[in-house]
Amino acid sequence: MPQLTPKQEKFISEYLVDLNATQAAIRAGYSESGARTEGARLLANANIQQKIQEEREKAVERNKISVDECVGILANLARFDIAEIYDSNGNLKPLDQIPKAHRMAIEGLDTDEMNVDGRVVGNIRKARLAGRKGAIDMLLKYLGGYERDNNQQGGKITVFQIPDNGRG
């Protein structure tokens, strides 16, 4: 494989972060105004495609996680129902009572004290959750949902001329 430039290597590294070629091109130092075109051009380069594939395979080996497992996690996040982590009184369940698949949607827990006249009268527990929109977006990318949309938009464009019926 021919040697890649440091800028191309940086693009590959940045692309693997979020699979967004435009943003990867910008973070790699390409001009913002031409980043979309440059990102597409870089992704079309066979040597870059090969290097991206090699880096993905290394990541799978390092992390011992399969694409199928990742898709399953994303699917769980996309289907997550917040009611699964609260009891019938609206209180956050103890973590050991929340199934692992639902715990994976929790990015963090915050506890705030409720004070009245300087004394603590209770605690408020809040769960910060992973974004469903992001999980759905990643699933659509992986499953080719956007490609189908793009293909549907292709083809001929029909222009209709609507008569003005004398309205000028």
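**Overall**

I began with burial: 23% of the 168 residues of the protein chain count as buried. I note that this is a predicted model. I then looked up the exposed surface, and the protein chain exposes about 12,600 Å². Carbon and sulfur atoms supply 50% of that area.

I listed the secondary structure next and found 8 helices and 2 strands in the protein chain. Read from the N terminus, the order of the elements is α-α-α-α-α-α-β-β-α-α. I also checked the contacts with a separation of 6 or more; residues 24 or more positions apart account for 42% of them in the protein chain.

**α1 and α4**

I turned to helix packing. Two packed helices are described by the angle between their axes and the distance between the axes. I looked up both values for helix α1, residues 6-18, and helix α4, residues 46-63: the angle is about 45° and the axes are 10 Å apart. The angle lies outside the 65 to 115 degrees that count as roughly perpendicular and is not under 35 degrees, so α1 and α4 are oblique to each other. I recorded the crossing of α1 and α4 as right-handed.

Which residues meet here? On the α1 side I found Gln8, Glu9, Phe11, Ile12, Tyr15 and Leu16. On the α4 side I found Ile48, Lys51, Ile52, Glu55 and Arg56. Sorted by class, the contact of α1 with α4 has 6 nonpolar, 1 polar and 4 charged residues.

**α1 and α3**

I repeated the look-up for α1 with helix α3, residues 35-44. Their axes come within 11 Å and cross at roughly 95°. The range for roughly perpendicular is 65 to 115 degrees, and α1 is therefore roughly perpendicular to α3. I noted Gln8, Phe11 and Tyr15 as the α1 residues in this contact, with Gly39, Leu42 and Leu43 from α3. By class, the contact of α1 with α3 has 4 nonpolar and 2 polar residues, and no charged residues. Gln8, Phe11 and Tyr15 are also listed in the contact of α1 with α4.

**Arg56**

I picked one residue from helix α4, Arg56, for a closer look. Is Arg56 buried, exposed or partly exposed? Its relative accessible area is 36%, between the 20% and 50% cut-offs, so I entered Arg56 as partly exposed.

I then listed what Arg56 touches, leaving out residues up to four places away in sequence: Tyr15, Leu16 and Leu19. For Arg56 and Leu16 I also looked up the C-alpha separation, which is 7.8 Å. These two residues are 40 residues apart along the chain.

Terms used:
Residues are numbered from 1 along each chain as its sequence is written. This is a predicted model: local features need pLDDT of at least 70, side-chain atom pairs count only at pLDDT 80 or more; totals for chains, interfaces and linings use all residues. Side-chain values use heavy atoms; hydrogens and water are left out. Axes are lines fitted to C-alpha atoms, for helices over the stretch in contact, and angles run from 0 to 180 degrees between N-to-C directions. Helices (H or I, at least four residues) and strands (E, at least two) are DSSP runs, numbered from the N terminus. Angles under 35 degrees count as roughly parallel, over 145 as roughly antiparallel, 65 to 115 as roughly perpendicular and the rest as oblique. A crossing is left-handed if the near helix is turned anticlockwise from the far one by less than a right angle, and right-handed if clockwise. Contact means heavy atoms within 4.5 Å. Ala, Val, Leu, Ile, Met, Phe, Trp, Tyr, Cys and Pro count as nonpolar, Asp, Glu, Lys and Arg as charged, and the others, Gly among them, as polar. Buried means under 20% relative accessible area, exposed over 50%, partly exposed in between (1.4 Å probe, protein chains only). Accessible areas come from the Shrake-Rupley method with a 1.4 Å probe; for residues, only the protein chains shown count as cover.
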